[in-house]
Amino acid sequence: MRIFQGALVMVNAAGFATRGAAATGQFAAGCALAEANNTGGAQGAIRVRVRPGIFGWALAGGGDALVAANRGNTVYISDDFEVAATNGGATRSPAGKLAVIDGTTFYVATNWPGPVAVVEC
């Protein structure tokens, strides 16, 4: 698993960090402060620093447009840099609440507690 700096990080059901992806049973932790490359390593072998808060992501394609009326609503993780308006037919986990739309950037508030988290990946 490789998590890039600036990527949307989620925590899976086993409690490990993973890069954002369309998957259920996970939740958004925030934005990776640095790259964490555990490619080929055992799960939990390294850690990634994650900052919760409000971060700007791109919009996923496929008719999941976000508009002003979506502000305050839950949006969903599509991949490590994109969010979507729907859960994709129960295939996506929540990214957080849509806070601001600025052109093609969609600012989403994650719900992870604390200022910085260090999560094994």
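**Exercise 1. Charges across the chain**

Task: Determine how far apart the mean positions of the positive and negative charges of the chain are.

Solution: Begin with the counting rule, under which Lys and Arg are positive and Asp and Glu are negative, while His and the chain ends are not counted. Each charge is then placed at NZ of Lys, CZ of Arg, CG of Asp or CD of Glu. With 8 positive and 7 negative charges in the chain, the two mean positions are 7 Å apart. This is a predicted model, in which local features need pLDDT of at least 70 and side-chain atom pairs count only at pLDDT 80 or more, whereas totals for chains, interfaces and linings use all residues. Residues are numbered from 1 along each chain as its sequence is written, and side-chain values use heavy atoms, with hydrogens and water left out.

**Exercise 2. Salt bridges**

Task: Find how many salt bridges the chain has, and place the partners of each in the chain.

Solution: Side chains of opposite charge can pair when their charged atoms come close. A salt bridge here requires a side-chain nitrogen of Lys or Arg within 4 Å of a carboxyl oxygen of Asp or Glu, and by this rule the count comes to two.

Step one takes Arg2 and Glu35, whose closest N and O atoms are 2.7 Å apart. This pair joins distant parts of the chain, with Arg2 in strand S1 (residues 2-3) and Glu35 in the loop between strand S4 (27-32) and strand S5 (36-37), 33 residues apart. For the surroundings, the classes are buried (under 20% relative accessible area), exposed (over 50%) and partly exposed (in between), with a 1.4 Å probe and protein chains only. Arg2 is partly exposed at a relative accessible area of 32%, and Glu35 is likewise partly exposed at 40%.

Step two takes Arg92 and Asp64, with closest N and O atoms 2.5 Å apart. Here too the pair links distant parts of the chain, 28 residues apart: Arg92 lies in the loop between strand S9 (82-84) and strand S10 (94-102), and Asp64 in the loop between strand S7 (54-59) and strand S8 (74-79). Arg92 counts as buried at 16% relative accessibility, and Asp64 is buried with a relative accessible area of 9%.

**Exercise 3. A buried charge without a salt bridge**

Task: Establish which side chain of opposite charge is nearest to Asp80, and which residues Asp80 contacts.

Solution: Asp80 is found in the loop between S8 and S9. Asp80 is buried yet has no salt bridge, and the nearest side chain of opposite charge, Arg19, is 4.7 Å away. Contact means heavy atoms within 4.5 Å. Leaving aside neighbours within four places in sequence, Asp80 is in contact with Phe4, Ala7, Leu8, Arg19, Gly20 and Trp57.

**Exercise 4. Fold and overall dimensions**

Task: Describe the secondary structure of the chain, then test its radius of gyration against the value for a compact globule.

Solution: Elements are DSSP runs numbered from the N terminus, helices being H or I of at least four residues and strands being E of at least two. The chain has zero helices and twelve strands. The radius of gyration is taken over C-alpha atoms, and the globule rule is 2.2 Å times the number of residues to the power 0.38. For 121 residues a compact globule would have a radius near 14 Å, and the chain, at 13 Å, agrees. Along its principal axes the C-alpha trace spans about 40 × 30 × 20 Å. Of the 121 residues, 41% count as buried. Among contacts with a separation of 6 or more, 56% come from residues 24 or more positions apart.

**Exercise 5. Individual positions**

Task: Locate Gln26, Lys97 and Ala90 in the chain, and give the accessibility class of each.

Solution: Gln26 sits in the loop between strand S3 (17-19) and S4, and is buried with a relative accessible area of 15%. Its contacts, apart from neighbours within four places in sequence, include Met10, Asn12, Ser93 and Pro94.

Lys97 is found in strand S10 and is partly exposed, with a relative accessible area of 38%. The C-alpha atoms of Lys97 and Val75, 22 residues apart along the chain, are separated by 6.0 Å. Beyond four places in sequence, Lys97 touches Gly72, Asn73, Thr74, Tyr107, Val108 and Ala109.

Ala90 is found in the loop between S9 and S10 and is exposed, with a relative accessible area of 52%. Phi of Ala90 is near 65 degrees, a positive value in a residue other than glycine.
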